[in-house]
Amino acid sequence: MTIEKSGPLNANGIPLPATEVQVLKNGLSPTLPDIDPSRLTITRVVTLKRLPEPDTLVHMLYMDFAPERGWSAPQIKPYGPLSLDPASSCFQYCPNVFEGMKAYLGPDGTPRLFRPHLNMERMVRSAERVALPPFDGDALLVLIKRLVALEARWIPRARGCSLYIRPTIIGTRPSLGVSASRHAALYVILSPMGPYIRDTTAGGKGPRGISLLAMSDQVRAWPGGTGGFKLGLNYAPGFAAQRTAAALGYQQLLWLLGETIAEAGAMNVFAVFERPDGDLDVVTPPLDGTILPGVTRDSVLALLSHHPHTTTAALPQLPAHTRIHTAERPLTMSELFAASTASTLREFFCVGTAAVVIPAARIGWRRQPPTAAGDSHSHSDSDRDQDDEEVVVEEVEDISLPVVGGGGSLAQALWERLVDIQEGRVEWEGWGVPCKVSDDDA
């Protein structure tokens, strides 16, 4: 028997196209063009939309990648639909990456971004995780600044409001085959947004507390998985669980891995414990690969470490003598319940780009996930239809948090200080990055 040699196959046993084989053998050519802001073209719409129309904006940023030519010249063009092949990788295998950022108006009217380099670094890492073509995050940031400056009129002026920025890169190889996409589209869209939770504390400063349901029978992420990357595929599996939480009267999910706390929805979490001497221990789960390294999470840890030693970072309404001790370590539901019983659990809050900081008012936990009655006992009627099995649901226990926003709460103090820095009323560590408006953008 003669066995003929064949080229590389994809996961379905189908030969890869010749261009894909060359990339596998030789890698992407180092001479392929990366993102180049100097090649940017701007095509303006003829008639501007009336303000406000918060669903979509006027312009978008777009470029694409092909293995034979690299990244195309970036374009700022009228907002509109994309044209993609139905077999595109993004529809079939989910190599989809996005970021969440915001633009604010400073006191002088200049658009500002908040620590955008961290978003770009995370986006580059996420794209690498799903084998999308590489790109220069610094060059992309230059283009985002230009787009924001062009659309600065859409940035709301009210405190706590912003212009949401959604950079996205998707695999667009126009063929089926379980292998990495060597084609990609990278685009950025914008949308004005108000407060994440419109129900605010007295005086309108910061959101009121939300309710969380701790979920253990479904998981968001697991060791060695993709929880530490901002991928579209991490979000859709949580939608059904979110419905379960809503049906039980809870606003958001608190994801668990076993009994260990991970994230709340798509937000990082912090628990605040009070010591006998009045000092505070602030604990957040570690970045072990299952936790998204949030920009707001990093910012909260930095601010907490500087209170009260640095005047500009001192947290408002929090006594200067209050000492804060931060820790990145595993946090369990049993620990929360025990601390609640001992009256040492003071606060629990969630942080993220959309919410900034939002306190929890109560946390529900079903110690055991729902089980079918037949899981541990045999049926007396062997002909009983499996669909008619009785589901045994253990009662959900609640923790009620003693401090939920308002004066004196750590969540409230962090929300105020972060919003002050984001909107340019307080300058701190170069976190606010202006987007200069040129004459062409006016």
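In this predicted model, the largest nonpolar core (a set of buried Ala, Val, Leu, Ile, Met, Phe, Trp, Tyr and Cys residues joined through side-chain atoms within 4.5 Å, where buried means under 20% relative accessible area with a 1.4 Å probe, protein chains only) comprises 40 residues, and those with the most contacts inside it are I35, L61, W71, F135, L140, I165 and I169. Two or more residues of this core are given by each of β2 (59–66), β6 (101–105), α3 (116–129), α4 (137–150), β8 (162–171) and β9 (184–193), with the largest share, eight residues, coming from α4; helices (H or I, at least four residues) and strands (E, at least two) are DSSP runs numbered from the N terminus. A second, separate core has 30 residues, including V295, L301, V357 and W428.

The largest pocket (an open set of points on a 1 Å grid over the protein atoms alone, where a 1.4 Å probe fits, with protein on both sides within 12 Å along at least five of seven lines) holds about 710 Å³ of space. Its lining, defined by an atom within 4 Å of a point, consists of 33 residues, of which K230, Y235, G265, A266 and M267 are the closest to the pocket centre.

Mean pLDDT, the predictor's confidence in each residue from 0 to 100, is 86 for the protein chain. Values stay under 50 over residues 52–56 and over residues 376–384. Where pLDDT is low, the predicted coordinates should not be read in detail.

Residues are numbered from 1 along each chain as its sequence is written, and side-chain values use heavy atoms, without hydrogens and water. Local features need pLDDT of at least 70 and side-chain atom pairs count only at pLDDT 80 or more, whereas totals for chains, interfaces and linings use all residues.

Conventions. Contact = heavy atoms within 4.5 Å. Buried < 20%, exposed > 50% of the residue type's maximum accessible area, 1.4 Å probe, protein only. Points joined across faces, edges and corners; volume = space filled by probe spheres on them.
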